[in-house]
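Thanks for squeezing me in, everyone. Let me put the structure up and then walk you through it.

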Amino acid sequence: MNKELEFRAAGIIVLIVSAMLFSVLGTVCTNTYSLKNAPAKTTISYLLTEFPVNQYVCVEGTVSEILPDYTSKKGYKYQQFFITDGKNSLKVFCSKYSGSVNVSVNDHVSVTGKFQKFGNTYEIYTQCKDIKIKALQI
């Protein structure tokens, strides 16, 4: 009976540690939003080729440039930065309403949000708190 309890306790510990790692490292982008003909892992280059405007997407990239925060006429605050996949760059425009994200150049991030065109620039609009900084894959 002791072995069975030890086995169950070990299983529970594994589940707890896995959940903790998952929450710290964030999720891996997959094509959760069913973009037609999109690869399982959508890239910035794919988005800038197919232009799925007004659709929700998930993409990973490396922060290449951080722009100054933006404050709207109504006083809402936003963070903005560019991410790259090594070929193309895409602007991330995120609301700080529920919190900000502490990103630096060369951070690898996972961004889920609405792909849209604002002026002459394509961007992903999201909540800053929903952006995940990814651990480097070694």
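I'll start with the overall layout, then go to the aromatic rings, the pocket, the core and a few single residues.

Some housekeeping before that. This is a predicted model, where local features need pLDDT of at least 70 and side-chain atom pairs count only at pLDDT 80 or more, while totals for chains, interfaces and linings use all residues. Residues are numbered from 1 along each chain as its sequence is written, and side-chain values use heavy atoms, with hydrogens and water left out.

Okay, layout. The protein chain has two helices and six strands, and from the N terminus on they run α-α-β-β-β-β-β-β. Those elements are DSSP runs numbered from the N terminus: helices are H or I with at least four residues, strands are E with at least two. Of the 138 residues in the chain, 32% are buried. Buried means under 20% relative accessible area, exposed means over 50%, and partly exposed is in between, using a 1.4 Å probe and protein chains only. A contact here is heavy atoms within 4.5 Å. If you take the contacts with a separation of 6 or more, residues 24 or more positions apart account for 55% of them.

Now the rings. The structure holds seven aromatic pairs. Rings of Phe, Tyr and Trp (its six-membered ring) pair if their centres lie within 6.5 Å; planes under 30 degrees apart count as stacked, over 60 as edge-to-face, and the rest as tilted. Take tyrosine 78 and phenylalanine 93: their ring centres are 4.7 Å apart with planes at 20°, so that pair is stacked. Tyrosine 78 sits in strand β2 and phenylalanine 93 in strand β3 (residues 89–95), 15 residues apart, so to speak a link between distant parts of the chain. Both residues are buried.

Phenylalanine 93 has another partner, tyrosine 125. Here the centres are 6.3 Å apart and the planes are at 35°, so we call this one tilted. Tyrosine 125 is in strand β5 (residues 121–127), and the pair ties β3 to β5 across 32 residues of sequence. How buried or exposed are the two? Phenylalanine 93 is at 13% relative accessibility, so it counts as buried, and tyrosine 125, at 27%, counts as partly exposed. Put the ring pairs together and Tyr70, Tyr78, Phe93 and Tyr125 are linked into a cluster.

That whole cluster turns up again in the lining of the largest pocket, which is made by Tyr70, Tyr78, Gln80, Lys91, Phe93, Gln116, Phe118, Glu123 and Tyr125. About 170 Å³ of space lies in there. For the record, on a 1 Å grid over the protein atoms alone, a pocket is an open set of points where a 1.4 Å probe fits, with protein on both sides within 12 Å along at least five of seven lines, and lining residues have an atom within 4 Å of a point. Points are joined across faces, edges and corners, and the volume is the space filled by probe spheres set on them. By class, the lining has five nonpolar, two polar and two charged residues, with Ala, Val, Leu, Ile, Met, Phe, Trp, Tyr, Cys and Pro as nonpolar, Asp, Glu, Lys and Arg as charged, and the others, Gly among them, as polar.

On to the core. The largest nonpolar core has 19 residues, and Leu47, Phe81, Ile83, Ile124 and Ile131 touch the most other members. A core is a set of buried Ala, Val, Leu, Ile, Met, Phe, Trp, Tyr and Cys residues joined through side-chain atoms within 4.5 Å.

Last, a few single residues. Lysine 134 is in strand β6 (residues 132–134) and is buried, at 11% relative accessible area. Glycine 86, in the loop between β2 and β3, counts as exposed at 70%. Phenylalanine 51, in the loop between α2 and β1, has a positive phi, near 50°. Asparagine 106 has a positive phi too, near 80°, and lies in the loop between β3 and β4. Most residues other than glycine have a negative phi.
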